[in-house]
Amino acid sequence: MNYLCPSILAADFWELGEQVARVEKAGAPYLHIDVMDGMFVPSISFGMPILASVRRRSGLFLDVHMMVSKPERYIAELIRLGADGITIHVEACDCISSTLDQIRALGVKTGIAINPETPVSAVLPYMEKVDMVLVMTVRPGFGGQEYIIDCIDKIKEVRRIINQNYPGVKLEIDGGVTLGNLEMNLAAGADVIVTGSAIFKGDIEANVREFLKRM
Ligand code: DX5
Ligand code: ZN
């Protein structure tokens with residue numbers, strides 16, 4: 001089963017509520033919430049108040065992507081505000097294991113993300129503790145970047161590892177995903193597809209439907 005996960009980073013914030021309602025109504029099951037701190041990545045996006053507002057009005061699975069150094073500082077609050085899944089970067093703190101334990105103990109799905117430069121081997125110690133592996137297909141920090149083609153081999157490698165030993169774990173990709181490269185990514189083994197620009201630029205409902213049709 002594959003899941004479309006539109007990223008609100010590409011939404012028009014003047015119309016955020018309306019745009020989230022539109023992706024939900026068009027049938028997307030997940031919503032991706034990119035939290036950036038200006039330290040782990042150069043840019044700053046948004047955080048708790050947006051998560052809280054979306055949670056109050058939306059039944060979508062809220063997939064929080066923490067592009068934040070020392071994410072352990074925020075886990076309890078993110079969960080209190082309604083995150084359904086929290087993904088932390090393997091590069092972002094030196095207490096990955098205990099942070100994943102904390103997320104799980106609070107009843108929320110866990111994810112571990114790797115940047116394009118980080119080898120797949122970096123996630124291996126945590127596979128028992130995660131519900132999802134996120135392979136970044138751009139350098140994190142900005143929407144609208146071009147997909148880094150070298151990442152396709154990492155997606156295939158993670159898929160092999162999951163199929164061999166961790167069949168329940170999902171494989172998410174994030175960055176530069178379009179209708180043009182969707183099929184290649186699904187064939188490589190991705191099953192949670194994050195996409196920002198390709199959903200929110202243009203006709204949102206038509207974009208969601210077209211992605212869903214091809215998944
Ligand atoms: C990048 C973010 C992505 C971003 C994807 O740092 O993690 O989730 O919103 O946007 P597009 O699909 O426009 O590359
Ligand atoms: Zn993201």
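**Ligand 1 and helix H6 in a predicted model**

Reader: Which residues are the closest to ligand 1?
Author: This is a predicted model, in which local features need pLDDT of at least 70, side-chain atom pairs count only at pLDDT 80 or more, and totals for chains, interfaces and linings use all residues. Residues are numbered from 1 along each chain as its sequence is written, ligands are numbered from 1 in the order in which they are written, and side-chain values use heavy atoms, with hydrogens and water left out. Ligand 1 is surrounded by 20 residues (a heavy atom within 4 Å), and the closest are Asp34, Gly141, Asp174, Gly196 and Ser197.

Reader: How much of the accessible area of ligand 1 does the protein cover?
Author: An oxygen atom of ligand 1 lies 2.7 Å from an N or O atom in the side chain of aspartate 34, and an oxygen atom of the ligand is 2.8 Å from a polar backbone atom of glycine 176. Of the 390 Å² of accessible area (Shrake-Rupley method, 1.4 Å probe) that ligand 1 has on its own, the protein covers 99%.

Reader: Why do the buried residues of H6 line one face of the helix?
Author: In H6 (residues 179–188; helices are DSSP runs of H or I, at least four residues, numbered from the N terminus), the buried residues (under 20% relative accessible area, 1.4 Å probe, protein chains only) are Asn181, Leu182, Asn185, Leu186 and Ala188. They line one face because, seen down the axis of H6, they fall within an arc (of the directions from the helix axis to the C-beta atoms) of 150°.

Technical notes:
Buried < 20%, exposed > 50% of the residue type's maximum accessible area, 1.4 Å probe, protein only. Helix = DSSP H or I, 4+ residues; strand = E, 2+ residues; numbered from the N terminus. Polar contact = N/O pair within 3.5 Å; in protein donor to acceptor, adjacent residues only side chain to side chain.
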